[in-house]
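Let's take a short tour of one lysine and the ligand beside it. Please have the sequence and the 3D view open as you read.

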Amino acid sequence: MTSTTPATNSATSPQSAEDTFDVRPSSHPRTAEERAEVLSDLGFGVAFTDHMARATWTSDAGWHDRRIEAYAPLQLDPAAAVLHYAQEIFEGLKAYAHADGSVWAFRPEANARRFARSARRLALPELPEEDFLASIRALVHTDVEWVPTSSGASMYLRPFMFASEAFLGVRPAKRVEYLVIASPVGPYFTRGFTPVSIWVSEEYHRAGPGGTGEAKCGGNYAASLLPQQEAYAHGCDQVCFLDSSTNTLLEELGGMNLFVVGADGVVSTPRLSGTILEGVTRSSILELLGEQGHEVRERDIPLAEVLDGVASGAVTEVFACGTAAVVTPVGRLASARFDVSVADGAAGAVTTAIHTALTDVQFGVQEDTHGWMQRLV
Ligand code: COI
């Protein structure tokens, strides 16, 4: 009989070396021609490789059955807890092909650590960091032919974990699945490195104090979809949320962090207040900006200050960042109360320089002085 007591979720992995991901090759991989056709026309998150990484957790056995298997639809019991109570988390990171044929991941251990933090908040079992890294390595190894080599393209990796136990009681699930799927991608925004417009939602919030805002869980993204639709309806590309306590401070976009550049060279980003996702790209940019000679501040940023700064010229650039979006200039801010252009609406010098600095490290054009890149193949 299924118990109603909470799973402890504390079982540790009985084995955790990278060779524990047993490769079970697909019986129906796509042909080289089929792959080439997909790789010749890349969007974001629409095409997937031939395999996926997978492991299962049960409260009795801990993590087990680590494997690479054919990419395929999942079989899920209609009572699976994730479908009812959204006990789910995910990550996003990329693998980059370098000119010498090697393939590298950008700070994957940072994603592994955030995945563990998200797991704790969603009462899911923590996946050991070495298993996270081993799953990425094993999948990219298996599907290395799918890593795009065209300019600016990469392999987006999407690790995720969800409650698969068939049980309708509200408690942490005793059976959980971990998977990684891989998608060869071009730019997140179809227009590439061109300014986007932002709708500032003054009606809806993404997260509140003590909630799940700093965890990377599907529910946060679900909460952003209606305001995102509102953004589209007003001709904007993305939605920006304000803090739920005062409705005055910038927080983040639906899936990206935000930076504001001052005419004095100071670059600010909302501080990690507990309701904002701690972006890996965000923290890397903070370091790179410091090295480029900027004063960087993580602080409360009132929307009113940004609007005044845009009007007076004290704010010269705004940009968004994330693994998927990389660095994306923001050219316009709008809401029911205002509609303003940031400077001349074009990508600014600071935004352009930080985009170049970051992508040069990721694609191996510049030396990785931080030890951020991990070789996968
Ligand atoms: C990422 O940047 O990896 C994300 O998870 C955000 C999502 C909008 C794609």
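## Lys216 and its neighbours

Start with the contacts of Lys216: beyond residues within four places in sequence, Lys216 touches Ile89, Phe90, Glu91, Gly92, Arg114, Ser118, Tyr221 and Leu277. Keep in mind as you explore that this is a predicted model.

Along the chain, Lys216 sits in the loop that runs between strand E9 (196–201) and helix H5 (218–233). Is Lys216 buried or exposed? Its relative accessible area is 9%, and because the cut-off for buried is under 20%, Lys216 counts as buried.

## What the record says

In UniProt, an unreviewed entry places the feature "modified residue: N6-(pyridoxal phosphate)lysine" at Lys216.

## Around the ligand

Which residues surround the ligand? They are Phe90, Gly92, Tyr156, Arg158, Tyr188, Lys216, Gly255, Thr323 and Ala324. Of these, Phe90 and Gly92 also appear among the contacts of Lys216.

Now for the polar contacts with oxygen atoms of the ligand. A polar side-chain atom of Tyr156 is 2.6 Å from one such oxygen, and a side-chain N or O atom of Lys216 is 2.8 Å from a ligand oxygen. Thr323 takes part through its backbone, with a polar atom there 3.3 Å from an oxygen of the ligand. On its own the ligand would expose 280 Å², and the protein buries 90% of that.

## How far to trust the model

The average pLDDT of the protein is 94, and 95% of the residues score at least 70. Residues 1–18 have a pLDDT below 50, although this stretch makes 41 contacts in the model beyond near neighbours in sequence. Where pLDDT is low, predicted coordinates should not be read in detail.

How values were computed. Residues are numbered from 1 along each chain as its sequence is written. This is a predicted model: local features need pLDDT of at least 70, side-chain atom pairs count only at pLDDT 80 or more; totals for chains, interfaces and linings use all residues. Side-chain values use heavy atoms; hydrogens and water are left out. UniProt positions are given in the numbering used here, feature names are shortened, and annotations may be inferred rather than shown by experiment. Helices (H or I, at least four residues) and strands (E, at least two) are DSSP runs, numbered from the N terminus. Buried means under 20% relative accessible area, exposed over 50%, partly exposed in between (1.4 Å probe, protein chains only). Contact means heavy atoms within 4.5 Å. A residue is near a molecule or strand if one of its heavy atoms lies within 4 Å of it. A polar contact is a pair of N or O atoms within 3.5 Å; within protein, one must be able to donate a hydrogen and the other to accept it, and residues adjacent in sequence count only if both atoms are side-chain atoms. Accessible areas come from the Shrake-Rupley method with a 1.4 Å probe; for residues, only the protein chains shown count as cover. pLDDT is the predictor's confidence in each residue, from 0 to 100.
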